[in-house]
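Biologist: I've just opened this one and I'm not sure how to read it. Could you walk me through it, beginning with a helix?

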Amino acid sequence: VIHSESRVKTESNKIVARASSELVIVAFYGRDIDRFKTFYEIARENDRKFVIPIKLAHLLCMLRSDPVLRIPDVMNDDNVLFYKKRKKTGRFAESDYYVWERPFLEKAVNYDYVHENQSKLLFNLDLVSFTELIDVKPSRGGHFIHSMSEPFSEEDISVDVMNNWLQHFGLGFHQIHASGHCPSKDLEQIINRVQPKRLIPVHTEHPELFKKLFNNVDVQIVEKGNPYTLR
């Protein structure tokens, strides 16, 4: 189990570094800015262009004004390219794309470019966009880094479907992910150190366990529909 972003980078970098002529594909949640920066750095360190969806490029541009996030200027960064899918006409006509997508088309590449430059790219492909592989035609022996939780959310496809795609195209599967959730031992250490007057468990399937773990803390189990004052 990987518990840190630095380990995600280390383990993923090993995969990319040992790939010579093969395409490396990575899937991660499009709103995970830290994970984007991790693979952006991996691409740079391995002299590969990072090809990302236009949707992600738009999000990064919208968030770049936040100095805390330290997001690279993807519009002017030679290390980043944008991937454009075929739409209505199939000819990649500008009019086929939404108005918000059009500013990104000048730096956008299509499946032909990805196919012809497999050894030079790190390709960010959403699981729901796996049909793009039909046109990309990746060479067998490439790598797929699944840098997200095991499939369970609306952004995922089932394990069987994913494995069928990977097997069909001869892509090696690598599960390399750090969820961002605090391990139970670390969570216990934090609470014991902070010693809060009141503890309200949220985002957990077993809030009652907090009462067993922390006898010296006022653990309040919330119920749906009831108001709670945080003061």
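Modeller: Sure, and keep in mind that this is a predicted model. Start with α1: on the face turned away from its buried side sit the exposed residues S6 and R18.

Biologist: Which residues of α1 are buried, then?

Modeller: V8, S12, I15 and V16 are buried in α1. Here's the general idea: an α-helix has 3.6 residues a turn, so residues three or four places apart point the same way. In this case, looking down the axis of α1, the buried residues fall within an arc of 95°, so they line one face of the helix.

Biologist: What covers the buried residues of α1?

Modeller: The cover includes β1, α2 (33-45), β5, β6 and β7.

Biologist: Okay, now the strands. In what order do they form the sheet?

Modeller: In general, strands of a sheet pair through backbone hydrogen bonds, either parallel or antiparallel. Here seven strands make an open sheet with parallel pairing, in the order β4-β3-β2-β5-β1-β6-β7. At the edges stand β4 (108-109) and β7 (172-175), each with a single partner strand, so one side of each has no neighbour in the sheet.

Biologist: How many bridges join β6 and β7?

Modeller: Four bridges, in the parallel sense. For one you can look up, I145 has H174 in β7 as its bridge partner.

Biologist: And where does α1 pack on the sheet?

Modeller: Helix α1 (residues 5-18) touches β1 (24-27), β5, β6 and β7, and its direction makes about 170° with that of β6. Compare helix α3 (residues 54-63), which lies across β2 (49-53), β3 (80-83) and β5 and runs at about 95° to β2.

Biologist: Last thing: the aromatic rings. How many aromatic pairs are there?

Modeller: The count comes to 12 aromatic pairs. Take F130 and F144: their ring centres are 5.4 Å apart and their planes are at 85°, and planes over 60 degrees apart count as edge-to-face, so that is what this pair is. F130 lies in the loop between β5 (121-124) and α5 (132-136), and F144 in strand β6 (residues 143-146), so the pair ties together parts 14 residues apart in sequence.

Biologist: Are those two rings buried or exposed?

Modeller: Both count as buried: F130 has 2% relative accessibility, and F144 has 0%. F130 also forms an edge-to-face pair with W165, at 6.1 Å centre to centre and 80° between the planes. W165 is in helix α6 (residues 159-169), so this pair ties together parts 35 residues apart in sequence. Finally, F130, F144, W165, F169 and F173 form one aromatic cluster.

Methods. Residues are numbered from 1 along each chain as its sequence is written. This is a predicted model: local features need pLDDT of at least 70, side-chain atom pairs count only at pLDDT 80 or more; totals for chains, interfaces and linings use all residues. Side-chain values use heavy atoms; hydrogens and water are left out. Rings of Phe, Tyr and Trp (its six-membered ring) pair if their centres lie within 6.5 Å; planes under 30 degrees apart count as stacked, over 60 as edge-to-face and the rest as tilted. Helices (H or I, at least four residues) and strands (E, at least two) are DSSP runs, numbered from the N terminus. Buried means under 20% relative accessible area, exposed over 50%, partly exposed in between (1.4 Å probe, protein chains only). Two strands pair if DSSP finds at least two bridges between them. Contact means heavy atoms within 4.5 Å. Axes are lines fitted to C-alpha atoms, for helices over the stretch in contact, and angles run from 0 to 180 degrees between N-to-C directions. The arc is that of the directions from the helix axis to the C-beta atoms.
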